[in-house]
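Subject: Structure handover and notes

Dear colleague,

Here is the structure I promised to pass on to you, followed by my notes on what came out of it. Please look at the sequence and the fold before you read further.

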Amino acid sequence: MTDLRLSAEDAADLEIISACLQDAVTQVRDLVFLPHARRFAMVVNRFRWEGEGKARGHTHERVRSGLHFENVTRAKAKRIAQNHPEGVLNLLAIRFDELDAPSGIVTLTFSGGGEIRLEVEALDAHLSDLGLVWETPNLPEHDLK
């Protein structure tokens, strides 16, 4: 399987990146906003959903991946303990709400109610696998109640 490399310049593109990153896990220390560079970046352990359903027994895979957003003018976190860098976050979804085209708000939603909101002048997101892949016996599950 090849490394994933995706870019997003509109909400539909970002939905694809969001689907690829569903159930990615990261630590608070792996999130950074660089205001002078106008960039928000994060490194995650991405569950390789695209590999599911292939005959490999009962193992699954995760891969280290990087995601960054350009043109970020402001970043705001809600219900994320930034004073606990070892805190684990489980990414559920990413969405883009256009305000005054092409500007808008990117919202990263984490389990437990955590959220990061990025104000962007224009959507410019990039996801890249970083090459380190490992097997895991754990398949992410969601309580649908």
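A surface patch, as I use the term here, is made of residues with over 30% relative accessible area and no salt bridge, with like charges joined within 9 Å. Please bear in mind throughout that this is a predicted model.

With that rule, Glu9, Asp10, Glu15, Glu98 and Asp100 form a negative surface patch. One of its members, Asp100, is found in the loop between strand 7 (88-98) and strand 8 (104-110), and with a relative accessibility of 60% Asp100 counts as exposed. A positive surface patch is formed by Lys76, Lys78, Arg79 and Arg117. Within that group, Arg117 has its place in strand 9 (residues 115-120) and is partly exposed, at 37% relative accessibility, whereas Arg79 lies in the loop between strand 6 and strand 7 and is exposed, with a relative accessible area of 65%. Arg79 deserves a second look for its backbone, since this residue has a positive phi of about 60° although it is not a glycine.

The loop that holds Asp100, between strand 7 and strand 8, has other features to inspect. Leu99 lies in this loop too and counts as exposed because its relative accessibility is 61%. Leaving aside residues up to four places away in sequence, Leu99 touches Gly104 and Ile105. Leu99 and Arg79 are 20 residues apart in sequence, and their C-alpha atoms are 24 Å apart in space. Pro102 is also in the loop between strand 7 and strand 8, and the peptide bond that joins Ala101 and Pro102 is cis, with an omega of about 5°.

Now to the charged pairs. Side chains of opposite charge can pair when their charged atoms come close. How many salt bridges does the count come to? The count comes to nine, and I describe some of them here. Arg39 forms a salt bridge with Glu70, in which the closest N and O atoms are 2.5 Å apart. This pair links distant parts of the chain, 31 residues apart, with Arg39 in strand 4 (residues 39-47) and Glu70 in the loop between strand 5 (60-69) and strand 6 (72-78). Arg39 is partly exposed, at a relative accessible area of 31%, while Glu70 is buried, at 15%.

Arg48 and Glu61 form a salt bridge as well, with their closest N and O atoms 3.6 Å apart. Arg48 lies in the loop between strand 4 and strand 5 and Glu61 in strand 5, so the pair ties together parts that are 13 residues apart in sequence. Both Arg48 and Glu61 are buried, and both belong to a network of salt bridges that links Arg46, Arg48, Glu50, Glu61 and Asp129. A further salt bridge is found where the side chains of Asp97 and Arg95 meet, at 2.9 Å from N to O. Here Asp97 is partly exposed, at 31% relative accessibility, and Arg95 is partly exposed, with a relative accessible area of 42%.

Some of these residues reappear when one asks about contacts, again not counting residues up to four places away in sequence. Which residues does Thr107 touch? Thr107 touches Ala93, Ile94, Arg95, Glu115, Ile116 and Arg117, so counted without residues up to four places away in sequence. Thr107 itself is found in strand 8, and is buried because its relative accessibility is 0%.Val32, in contrast to the buried Thr107, is partly exposed, with a relative accessible area of 35%. Val32 is found in strand 3 (residues 31-34) and touches Arg39, Phe40 and Ala41, when residues up to four places away in sequence are not counted. The C-alpha atoms of Val32 and Glu135 are separated by 27 Å, and these two residues are 103 residues apart along the chain.

One last backbone feature concerns Arg38, whose place is in the loop between strand 3 and strand 4. Arg38 has a positive phi of about 55° although it is not a glycine, and it is partly exposed, with a relative accessible area of 29%.

With best wishes

Notes:
Residues numbered from 1 in each chain as written. Predicted model: local features only at pLDDT ≥ 70, side-chain atom pairs only at ≥ 80, totals over all residues. Heavy atoms only, no water. Patch = residues over 30% accessible without salt bridge, like charges linked within 9 Å, V, L, I, M, F, W, Y side chains within 5 Å. Areas by Shrake-Rupley, 256 points an atom, 1.4 Å probe, with all protein chains shown as cover. Salt bridge = Lys/Arg side-chain N within 4 Å of Asp/Glu carboxyl O. Lys, Arg positive; Asp, Glu negative; His and termini not counted. Charge placed at Lys NZ, Arg CZ, Asp CG, Glu CD. Helix = DSSP H or I, 4+ residues; strand = E, 2+ residues; numbered from the N terminus. Buried < 20%, exposed > 50% of the residue type's maximum accessible area, 1.4 Å probe, protein only. Contact = heavy atoms within 4.5 Å.
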